[in-house]
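This report goes through one protein model, from its charged contact to its fold, surface and confidence. The structure comes first.

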Amino acid sequence: MSIREHPWQKKQSPNMHIEAIYDQGRLEFQSSITLKHQRFRVRVEIPDQEIIDAPTPGLPTPAADVTTESASDADGKRLLGEIRDILGPLSKARAPASTADDKEALSDAIAGKYGL
């Protein structure tokens with residue numbers, strides 16, 4: 001007995017299956033492949049033993065937030081170090097100041113620049 005296809009059923013085109021290794025947020029293909037587009041949707045199959053906790057759909061995962069913050073902090077510190085290296089002796093720590101002090105310093109700088 002054959003299964004009859006209805007006209008409203010979408011025919012699925014054959015998809016390519018390729019092995020990849022997940023490494024810190026990136027998929028690395030195990031064979032060379034040239035893709036037509038820079039961005040497109042893919043389906044990924046992850047082995048159950050590689051998942052720490054199944055996230056609830058629609059809710060942020062605490063572990064992901066901590067990782068993002070840690071990565072962001074590390075990136076910020078690295079970038080700050082690079083900027084300090086570029087500035088060399090011109091790089092110096094700023095004394096703690098309040099918002100009012102900042103506004104006053106800005107007003108003084110503008111007044112000095114434009115002779116106000």
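## Salt bridge

Searching the whole structure turns up one salt bridge. The model is a predicted one. The partners are Glu82 and Arg78, whose side chains meet at 2.8 Å, N to O. Side chains of opposite charge can pair when their charged atoms come close.

Glu82 and Arg78 lie four residues apart in helix α1, so about one helical turn separates them. Glu82 is partly exposed, because its relative accessibility is 38%. Arg78 is also partly exposed, with a relative accessible area of 46%.

## Fold

The protein contains two helices and two strands. Along the sequence their order is β-β-α-α. Strand β1 covers residues 20-23, and strand β2 covers residues 26-29. Helix α1 runs over residues 62-87, and helix α2 over residues 99-114.

Helix α2 has 16 residues, and the distance from its first C-alpha to its last is 23 Å. That is close to the 22 Å expected at 1.5 Å a residue. Helix α2 is hardly covered, with a count of zero buried residues among its 16. Gly115 follows α2 and has a positive phi, near 65°.

## Hairpin

β1 and β2 pair in the antiparallel sense, over four bridges. In this pairing, Ala20 stands opposite Phe29 in β2. The hairpin has two residues between its strands.

Which sign does the phi of Gln24 have? The phi of Gln24 is positive, about 50°, although Gln24 is not a glycine. Most residues other than glycine have a negative phi. Gln24 is found in the loop between β1 and β2. Gln24 counts as exposed because its relative accessibility is 76%, and the cut-off for that class is over 50%.

## Surface

How much of the protein counts as buried? Of its 116 residues, 0% fall in that class, for which the relative accessible area must be under 20%. The accessible surface of the protein is about 12,400 Å². Carbon and sulfur atoms account for 55% of that surface.

A nonpolar surface patch of about 1,100 Å² is made by Met16, Ile18, Tyr22, Leu27, Phe29, Leu35, Phe40, Val42, Val44, Ile46 and Ile51. Among these residues, Met16 is in the segment before β1, and Val42 is in the loop between β2 and α1. Met16 has a relative accessibility of 62% and therefore counts as exposed. For Val42 the value is 52%, so Val42 counts as exposed. Phe29, another member of the patch, is the residue in β2 that stands opposite Ala20. Val42 and Asn15 are 27 residues apart in sequence, and their C-alpha atoms are 10.0 Å apart in space.

## Confidence

The mean pLDDT of the protein is 78. A score of at least 70 is reached by 73% of the residues.

Which element has the lowest mean pLDDT, and which the highest? Among the elements of the protein, α1 has the lowest mean, at 74, and α2 has the highest, at 90. The salt bridge between Glu82 and Arg78 is thus placed in helix α1, the element with the lowest mean pLDDT. Helix α2, with the highest mean, has zero buried residues.

Methods
Residues numbered from 1 in each chain as written. Predicted model: local features only at pLDDT ≥ 70, side-chain atom pairs only at ≥ 80, totals over all residues. Heavy atoms only, no water. Buried < 20%, exposed > 50% of the residue type's maximum accessible area, 1.4 Å probe, protein only. Areas by Shrake-Rupley, 256 points an atom, 1.4 Å probe, with all protein chains shown as cover. Patch = residues over 30% accessible without salt bridge, like charges linked within 9 Å, V, L, I, M, F, W, Y side chains within 5 Å. Salt bridge = Lys/Arg side-chain N within 4 Å of Asp/Glu carboxyl O. Pairing = 2+ DSSP bridges. Expected span 1.5 Å × (residues − 1). pLDDT = per-residue confidence, 0-100.
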